[in-house]
Amino acid sequence: MTEHVRFNAEGLAALGICESLLLALTDLKILSDKDTRDLLTDVATTHAEAATTSPTPANHRAVVEIVHRILAGKNGVRS
């Protein structure tokens, strides 16, 4: 991440749980790969837009980076 952003344990736990749930829902064919990618893309877009007006833009940019790592097939929790 280009700027240092500190995440708390609760945030990292939530990310890990959500990432695992998305993988499980996709593996079980409850969500299609496209639906999962669309959901993650929407999250990244929303946070990219929020970064332009937020008093804490670095936090939003960090979320965008994490989501892009997940979309690239990497683990969102570890860099």
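**Close-ups of a three-helix model**

**View 1. Helix α2 passes helix α3 in a left-handed crossing.** Keep in mind that this is a predicted model. The two partners here are α2, residues 33-51, and α3, residues 57-71. Their axes come within 8 Å of each other and cross at roughly 160°. An angle over 145 degrees counts as roughly antiparallel, so α2 is roughly antiparallel to α3. On the α2 side, the residues making the contact are R37, L40, T41, V43, A44, H47, A48, A50 and A51. On the α3 side, look for P57, H60, R61, V63, V64, V67, H68, I70 and L71. Sorted by class, this contact has 12 nonpolar residues, plus four polar and two charged ones.

**View 2. L71 of α3 sits against residues of α2.** Zoom in on L71, which has its place in helix α3. Is L71 buried or exposed? L71 has a relative accessible area of 16%, and because buried means under 20%, L71 counts as buried. Setting aside neighbours within four places in sequence, L71 is in contact with R37, L40 and T41. Take T41 as one of these partners: T41 and L71 are 30 residues apart along the chain, yet their C-alpha atoms are separated by 8.1 Å.

**View 3. K34 and D38 form a salt bridge.** The closest N and O atoms of this pair are 2.6 Å apart. How many salt bridges does the count come to? The tally is one. K34 and D38 are four residues apart in helix α2, which means about one helical turn separates them. How accessible are the two partners? K34 is exposed, at a relative accessible area of 57%, while D38 counts as partly exposed at 33%.

**View 4. E49 of helix α2 is an exposed residue, shown here with H60.** E49 is found in α2 and has a relative accessible area of 54%. Exposed means over 50%, so that value puts E49 in the exposed class. H60 belongs to the α3 side of the contact seen in View 1. From C-alpha to C-alpha, E49 and H60 are 8.6 Å apart in space, with their positions 11 residues apart in sequence numbering.

**View 5. K29 has a positive phi in the loop between α1 and α2.** Which backbone angle is worth checking at K29? Phi of K29 is near 65°, a positive value in a residue other than glycine. K29 is found in the loop that runs between α1 (9-27) and α2. The residue counts as exposed, with a relative accessibility of 71%.

**View 6. Stepping back, the protein has three helices and zero strands.** Reading from the N terminus on, the elements run α-α-α. Where do the earlier views fit in? K29 is in the loop between α1 and α2, the K34 and D38 pair is in α2, and L71 is in α3. Buried residues make up 25% of the 79 residues in the protein. What share of the contacts with a separation of 6 or more comes from residues 24 or more positions apart? These residues account for 53% of such contacts.

Key: Residues numbered from 1 in each chain as written. Predicted model: local features only at pLDDT ≥ 70, side-chain atom pairs only at ≥ 80, totals over all residues. Heavy atoms only, no water. Axes fitted to C-alpha atoms, helices over the stretch in contact; angles between N-to-C directions. Helix = DSSP H or I, 4+ residues; strand = E, 2+ residues; numbered from the N terminus. Parallel < 35°, antiparallel > 145°, perpendicular 65-115°, else oblique. Left-handed = near helix turned anticlockwise from the far one by under 90°. Contact = heavy atoms within 4.5 Å. Nonpolar A, V, L, I, M, F, W, Y, C, P; charged D, E, K, R; others polar. Salt bridge = Lys/Arg side-chain N within 4 Å of Asp/Glu carboxyl O. Buried < 20%, exposed > 50% of the residue type's maximum accessible area, 1.4 Å probe, protein only.
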